[in-house]
Amino acid sequence: MSFTRWEVFCVLSVLALTMPFSAGVTNLRDVSAINNLYITLGAPSLSKWLAFGGDPCGENWQGVVCDSSNITEIRIPGMKVGGGLSDTLADFSSIQVMDFSSNHISGTIPQALPSSIRNLSLSGNRFTGNIPFTLSFLSDLSELLLGNNILSGEIPDYFQQLSKLTKLDLSSNILTGHLPSSMGDLASLKILHLQDNKLTGTLEVIEDLFLTDLNVENNLFSGPLTMRQICLHYSMKYKS
Ligand SMILES: *[C@@H]1O[C@H](CO)[C@@H](O)[C@H](O)[C@H]1NC(C)=O
Ligand SMILES: *[C@@H]1O[C@H](CO)[C@@H](O)[C@H](O)[C@H]1NC(C)=O
């Protein structure tokens, strides 16, 4: 037997309305945001999580870290979570870390994302569609991990504002097209994983970045690699 999201939503709403309500320490905007997240993820079995109300910071919800009344981290890697994500993800007031890696989450990556986010990992899921260009507004982003999904289309040319980004992993998707020129603006970038895609063109745009770890294997890149890229590539490959 399987349920649609609306059926799950309905049952959970009825349950929630029949339970006693009490005010907690968590700010209500974050409570509502995590309630919505729980619903879009299809009500996964995560300890303490609810579709309505509750007190994530006061009750130690599984994978949730708070700074007094604000949710600052949600880490639920490898919890067999399915469902999808929606634009209500942007409703978190001050979240910095979202680690949803190694689950079965599908659908597209929402356009609306929380502007306070620093580390976002959606690796190892079933996300489809394009990389949203709205990522370009997340100017505090330090780590963006989208590897091992089914993302397609071109990498958007909107990296100008991501001056704090140190780690970018887009590996093992089906991305096409050239590397966008704004990738050359990623001044803090150290780790870049693009392997196992269908990217074309040259690596010229990332030539002047001070990367410590680059992997571009299994793409359709053409043109000569510079000496530095070759060194990086091989130091990477033979590093154990
Ligand atoms: C909680 O978040 C609000 C809104 O972003 C912010 O004004 C407040 O300073 C935060 N409180 C803490 C303790 O971080
Ligand atoms: C966020 O990502 C950066 C860059 O990879 C890393 O140094 C930092 O430890 C991460 N922070 C958290 C809280 O996971």
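The following exchange asks how some labels on this predicted model are justified.

User: Why is Tyr158 called partly exposed?

Analyst: The relative accessible area of Tyr158 is 42%. Buried means under 20% and exposed means over 50%, with partly exposed in between. Tyr158 at 42% falls in between, so the label is partly exposed.

User: Where does Tyr158 lie, and what makes Tyr158 eligible for a surface patch?

Analyst: Tyr158 is in the loop between β8 (150-154) and β9 (167-169). A patch takes residues with over 30% relative accessible area, and a nonpolar patch counts Tyr among its side chains. Tyr158 has 42%, so that area cut-off is met. Together with Phe133 and Phe137, Tyr158 makes a nonpolar surface patch of about 320 Å².

User: Why is Lys48 called partly exposed, and what is notable about its phi?

Analyst: Lys48 has 47% relative accessibility. Exposed requires over 50% and buried requires under 20%, so Lys48 at 47% counts as partly exposed. Its phi is positive, about 80°, although Lys48 is not a glycine. Lys48 is placed in the loop between α2 (28-40) and β1 (64-67).

User: Why is Asn60 called exposed?

Analyst: Asn60 has a relative accessible area of 60%. The cut-off for exposed is over 50%, so Asn60 is exposed. Asn60 also lies in the loop between α2 and β1, and its phi is a positive value near 50° in a residue other than glycine.

User: How do you know that Asn70 makes a polar contact with ligand 1?

Analyst: An N or O atom in the side chain of Asn70 is 2.3 Å from an oxygen atom of ligand 1. A polar contact is a pair of N or O atoms within 3.5 Å, so the pair at 2.3 Å qualifies. Asn70 is one of the residues around ligand 1, which also include Asp67 and Ser93. On its own, ligand 1 has 360 Å² of accessible area, and the protein covers 40% of it.

User: Which side chains make polar contacts with ligand 2?

Analyst: Among them are Arg75, with a polar side-chain atom 3.3 Å from an oxygen atom of ligand 2, and Asn119, with a side-chain N or O atom 2.3 Å from an oxygen atom of ligand 2. The limit is 3.5 Å, so both pairs count as polar contacts. A polar side-chain atom of Ser142 lies 3.5 Å from an oxygen atom of ligand 2. The protein covers 52% of the 360 Å² of accessible area that ligand 2 has on its own.

How values were computed:
Residues are numbered from 1 along each chain as its sequence is written. Chains are lettered from A and ligands numbered from 1 in the order in which they are written. This is a predicted model: local features need pLDDT of at least 70, side-chain atom pairs count only at pLDDT 80 or more; totals for chains, interfaces and linings use all residues. Side-chain values use heavy atoms; hydrogens and water are left out. Patches are made of residues with over 30% relative accessible area and no salt bridge: like charges are joined within 9 Å, nonpolar side chains (Val, Leu, Ile, Met, Phe, Trp, Tyr) within 5 Å. Accessible areas come from the Shrake-Rupley method with a 1.4 Å probe; for residues, only the protein chains shown count as cover. A salt bridge is a side-chain nitrogen of Lys or Arg within 4 Å of a carboxyl oxygen of Asp or Glu. Helices (H or I, at least four residues) and strands (E, at least two) are DSSP runs, numbered from the N terminus. Buried means under 20% relative accessible area, exposed over 50%, partly exposed in between (1.4 Å probe, protein chains only). A residue is near a molecule or strand if one of its heavy atoms lies within 4 Å of it. A polar contact is a pair of N or O atoms within 3.5 Å; within protein, one must be able to donate a hydrogen and the other to accept it, and residues adjacent in sequence count only if both atoms are side-chain atoms.
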